[in-house]
Amino acid sequence: MSEQAWTIERIRDALGHPRLAQRFLGEINRAPAHELLTVFAKWQRIAQDTTSAVARGHDLAAYDRRGEAAPGEWVDATDRVLRRAAALRRRGVA
């Protein structure tokens with residue numbers, strides 16, 4: 001991970017999606033002075049998590065390109081997700 005300092009610009013860029021970046025900028029611009037550090041810290045954490053997830057995705061994609069199994073223990077939740085989606089559709093939610 002980069003040792004570069006987190007700035008408003010760096011957080012905005014790390015968020016990756018224009019709407020999310022706009023939400024961040026809106027929050028940081030509307031925050032009262034006494035809340036600026038709290039808002040900044042919240043979005044810094046989100047940006048760090050996003051950056052880490054992207055890096056992990058790139059690492060896993062490299063395994064896939066090489067035709068290798070990704071490391072770690074993976075749980076197939078397909079059936080559970082499909083059952084939940086069907087239940088939600090029956091209720092008219094999705």
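This is a selection-by-selection tour of a predicted model, going from one helix to the core and then to the charged pairs.

**Helix H2**

Start by selecting residues 18-30, which make up helix H2. The helix has 13 residues, and the distance from its first C-alpha to its last is 18 Å, close to the 18 Å expected at 1.5 Å a residue. Within this selection, colour Ala21, Phe24, Gly26, Glu27 and Ile28, the buried residues of H2. Then show helix H1 (8-15) and helix H3 (36-65), against which the buried residues of H2 pack.

**Phe24**

Next, centre the view on Phe24, a residue of helix H2. Phe24 counts as buried because its relative accessibility is 0%, and the cut-off for that class is under 20%. Leaving out residues up to four places away in sequence, display what Phe24 touches: Ile8, Ile11, Arg12, Leu15 and Trp43. For a sense of scale, draw a C-alpha to C-alpha distance from Phe24 to Gly92: the two are 33 Å apart in space and 68 residues apart in sequence.

**The nonpolar core**

Keep Phe24 on screen and extend the selection to the largest nonpolar core. Its ten residues are Trp6, Ile11, Leu15, Phe24, Ile28, Ala31, Val39, Phe40, Trp43 and Ala47. Which elements give two or more residues to this core? They are H1, H2 and H3. H3 gives the most, with four residues.

Now pick out Ala31, another member of the core. Once residues up to four places away in sequence are set aside, Ala31 touches Leu36 and Val39.

**Helix H1**

Move to H1 and select Arg10, Ile11 and Leu15, its buried residues. These three lie on the same side of H1, because they cover an arc of only 135 degrees around the axis. Among what covers the buried residues of H1 are H2 and H3. Step past the end of the helix to Gly16, which follows H1 and has a positive phi, near 80 degrees.

**Charged pairs**

Finally, turn to the salt bridges, of which the whole structure has five. In the H1 region, select Glu9, Arg12 and Asp13, which are linked in a network of salt bridges. In the bridge between Arg12 and Asp13, the closest N and O atoms are 2.8 Å apart. Is Arg12 buried, partly exposed or exposed? Its relative accessible area is 31%, so Arg12 is partly exposed. Arg12 has already appeared on this tour as one of the residues that Phe24 touches.

Return to H2 for the pair Arg23 and Glu27, whose side chains meet in a salt bridge at 3.6 Å, N to O. Arg23 and Glu27 are four residues apart in helix H2, so about one helical turn separates them. With a relative accessibility of 51%, Arg23 counts as exposed, whereas Glu27 is among the buried residues of H2.

For the last stop, select Arg66 and Glu68, which form a salt bridge with the closest N and O atoms 3.2 Å apart. Arg66 counts as partly exposed because its relative accessibility is 49%. Glu68 also counts as partly exposed, at 39% relative accessibility.

Definitions and conventions. Residues are numbered from 1 along each chain as its sequence is written. This is a predicted model: local features need pLDDT of at least 70, side-chain atom pairs count only at pLDDT 80 or more; totals for chains, interfaces and linings use all residues. Side-chain values use heavy atoms; hydrogens and water are left out. The expected span of a helix is 1.5 Å times one less than its number of residues. Buried means under 20% relative accessible area, exposed over 50%, partly exposed in between (1.4 Å probe, protein chains only). Contact means heavy atoms within 4.5 Å. A nonpolar core is a set of buried Ala, Val, Leu, Ile, Met, Phe, Trp, Tyr and Cys residues joined through side-chain atoms within 4.5 Å. A salt bridge is a side-chain nitrogen of Lys or Arg within 4 Å of a carboxyl oxygen of Asp or Glu. The arc is that of the directions from the helix axis to the C-beta atoms.
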